[in-house]
Amino acid sequence: TRLPGRYGVLQSVDIGFRKPLIAPATISIKGEIVNISQAVGQVSQKILVVDSLGNLLATAKIKCVVRT
């Protein structure tokens, strides 16, 4: 599933860059839903960006409102 999706709205993005990325490089982006508020339709996610050596490059907290 892709968030915020077709009927969703991206509410906020709080990103912290930890280390620089030197090109060419391979990265992995891992996401986890940490909270769902059905009352207001808000989904909170935690995102980690790591390189091929496992170095943490960036972290993010994302909130979006999902309407169906």
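1. In this predicted model, strand β2 is joined to strand β3 (residues 42–51) by 10 bridges, and the two strands run antiparallel. Two facing pairs can be picked out along this pairing. I33 stands opposite Q45 in β3, and E32 stands opposite K46 in β3.

2. The pair E32 and K46 deserves a second look. Their side chains meet in a salt bridge, with a distance of 3.7 Å from N to O. E32 belongs to strand β2 and K46 to strand β3, so the contact ties together parts that are 14 residues apart in sequence. The count of salt bridges in the model comes to 1. Both partners are partly exposed: E32 has a relative accessibility of 42%, and K46 has 39%.

3. The link between β2 and β3 is a hairpin with 4 residues between the strands, and in this hairpin G41 takes a positive phi near 70°. As background, most residues other than glycine have a negative phi.

4. On to the next pairing. Strand β3 is joined to strand β4 (residues 56–66) by 9 bridges, and these two strands also run antiparallel. Along this pairing, V50 stands opposite L56 in β4. β3 and β4 form a hairpin too, with 4 residues between them. In its turn, G54 has a positive phi of about 90°.

5. How are the strands ordered in the sheet? The 4 strands form an open sheet in the order β1-β4-β3-β2, with antiparallel pairing. β1 and β2 (27–37) stand at the edges and have a single partner strand each, so one side of each is left without a neighbour in the sheet. From one strand to the next, the twist averages 20°. In general, strands of a sheet pair through backbone hydrogen bonds.

6. Is β3 mostly covered or mostly open? Of the 10 residues in β3, 8 are buried, so the strand is mostly covered under a cut-off that calls a residue buried when its relative accessible area is under 20%. S44 is a residue of strand β3. With a relative accessibility of 10%, S44 counts as buried, because the value is under 20%.

7. Which residues does S44 touch, leaving aside those up to four places away in sequence? The contacts of S44 are E32, I33, V34, N35, I62 and K63. Among them is E32, which lies in strand β2 and takes part in the salt bridge with K46. I33, also on the list of contacts, is the residue that stands opposite Q45 in β3.

8. The surface has a nonpolar patch. L10, V13, I15 and F17 make it up, with about 430 Å² of accessible area together. One of these residues, L10, has its place in strand β1 (residues 8–17). L10 has a relative accessible area of 49%, so this residue counts as partly exposed, exposed being reserved for values over 50%. Strand β1 itself stands at an edge of the sheet.

9. A last point concerns the backbone outside the strands. A cis peptide bond joins A23 and P24, with omega at about -5°. P24 lies in the loop between β1 and β2. As background, most peptide bonds are trans.

Conventions. Residues numbered from 1 in each chain as written. Predicted model: local features only at pLDDT ≥ 70, side-chain atom pairs only at ≥ 80, totals over all residues. Heavy atoms only, no water. Patch = residues over 30% accessible without salt bridge, like charges linked within 9 Å, V, L, I, M, F, W, Y side chains within 5 Å. Areas by Shrake-Rupley, 256 points an atom, 1.4 Å probe, with all protein chains shown as cover. Salt bridge = Lys/Arg side-chain N within 4 Å of Asp/Glu carboxyl O. Buried < 20%, exposed > 50% of the residue type's maximum accessible area, 1.4 Å probe, protein only. Pairing = 2+ DSSP bridges. Axes fitted to C-alpha atoms, helices over the stretch in contact; angles between N-to-C directions. Contact = heavy atoms within 4.5 Å.
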